[in-house]
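User: I am new to reading protein models, and I would like a close look at a single part of this one. Please choose one strand, and walk me through its surroundings in a connected way.

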Amino acid sequence: MWLAVGTALPVDTGLSRTLQAIEDRYNHAQTLQIAFSEAYTAQGKAWKPESGVLFLRKPGRMRWEYSSPKGKLFLSDAKFVYLVTPDSNRVQKMKAKETEDMRAPLAFLLGRLHFEKDFQNFQSRREGPDTWITAEPKSPDLAYTKVEFQVTPQMQIRRLLVTGQDHSVHDFHFDQEKLNPPLDSKLFRFELPPGAMLEESVN
């Protein structure tokens, strides 16, 4: 059975405790390292799955280092985001606050996760030992309209589905989570690959 929680109703006590426990786990972490696989579907077409390792560090730093396709990189230094694709000699650069890339919402895994402040219309259901939580962002101006989390009994986020304004779906699977690993600051410092051209959208 689904437990629906409308905006005018308080969040169920059990669900509220679960949300708080997830927030406590990730908001208290300074760094995070986790293996990921990523699938994308839009207009009925499924793109080839991609995978790699995600590094996060407060405040607002992310590094998506892909092993498939090898050489792909999505990096945020908290001010700007950079996208490097292996089949192109161009690097895209944009302001971190302006990017609509679906990887940006993953920043809430580290330090910016506030369910009841940022989301509404919660639903939850059990799937074996895990719990699925669905919510909608309160702001209508974001690039996504719905998020769905699969959460383990240890309050780890195992899977995340992000539905975009265009009804596209990003499907992230997470594994081998490490909380507070030592991460060199150089991981979040962008260096232009040799021979690549930088395309900026920072107006």
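Analyst: What follows is a close look at strand E12 and the parts of the protein around it.

Please keep in mind throughout that this is a predicted model. As a setting for the strand, the protein contains 2 helices and 14 strands, and buried residues make up 41% of its 203 residues. Among the contacts with a separation of 6 or more, 50% are between residues 24 or more positions apart.

Strand E12 covers residues 157–164, and Thr-163 has its place there. The strand is mostly covered, since 6 of its 8 residues are buried. Thr-163 itself has a relative accessibility of 14%, and because buried means under 20%, this residue counts as buried.

Consider next the strand on one side of E12. Strand E11, residues 144–151, is joined to E12 by 7 bridges, and the two run antiparallel. One of the pairings can be named residue by residue: Phe-149 has Leu-160 in E12 as its bridge partner. E11 and E12 together form a hairpin with 5 residues between them, and in that turn Met-155 has a positive phi of about 70 degrees.

E12 also pairs with strand E13, this time through 5 bridges, and here too the strands run antiparallel. Across this pairing, Leu-161 stands opposite Asp-171 in E13. E12 and E13 form a hairpin with 4 residues between them, where His-167 in the turn has a positive phi of about 70 degrees.

With both pairings in view, we can return to Thr-163 and ask which residues it touches once its neighbours within four places in sequence are left aside. They are Tyr-144, Thr-145, Lys-146, Glu-148, Ser-168 and Val-169. For one of these, Thr-145, the C-alpha atom lies 5.7 Å from that of Thr-163, although the two residues are 18 positions apart along the chain.

Two of the residues that Thr-163 contacts, Lys-146 and Glu-148, are also partners of each other. They form a salt bridge in which the closest N and O atoms are 3.8 Å apart. Side chains of opposite charge can pair when their charged atoms come close. The two partners differ in their cover: Glu-148 is buried, with a relative accessible area of 17%, whereas Lys-146 is partly exposed, at 30%. This salt bridge belongs to a set of 9 in the structure.

Another member of that set involves E13, the strand that pairs with E12. Arg-25 and Glu-177 form a salt bridge, with their closest N and O atoms 2.5 Å apart. This pair links distant parts of the chain, for Arg-25 is in helix H1 (residues 13–27) and Glu-177 is in strand E13 (residues 169–179), 152 residues apart. Arg-25 counts as partly exposed at 22% relative accessibility, while Glu-177, at 17%, counts as buried.

Finally, Phe-174 takes us from these strands to the nonpolar core. In the largest nonpolar core, which has 32 residues, Phe-174 and Trp-64 touch the most other members. Leaving aside neighbours within four places in sequence, Phe-174 is in contact with several residues, including Ile-157, Arg-158, Arg-159 and Leu-160, and also Ile-34, Phe-36, Leu-106 and Leu-109. Apart from this core lies another, of 7 residues, among them Leu-73, Leu-75, Val-84 and Val-91.

Technical notes
Residues numbered from 1 in each chain as written. Predicted model: local features only at pLDDT ≥ 70, side-chain atom pairs only at ≥ 80, totals over all residues. Heavy atoms only, no water. Salt bridge = Lys/Arg side-chain N within 4 Å of Asp/Glu carboxyl O. Buried < 20%, exposed > 50% of the residue type's maximum accessible area, 1.4 Å probe, protein only. Contact = heavy atoms within 4.5 Å. Core = buried A, V, L, I, M, F, W, Y, C linked by side-chain atoms within 4.5 Å. Pairing = 2+ DSSP bridges.
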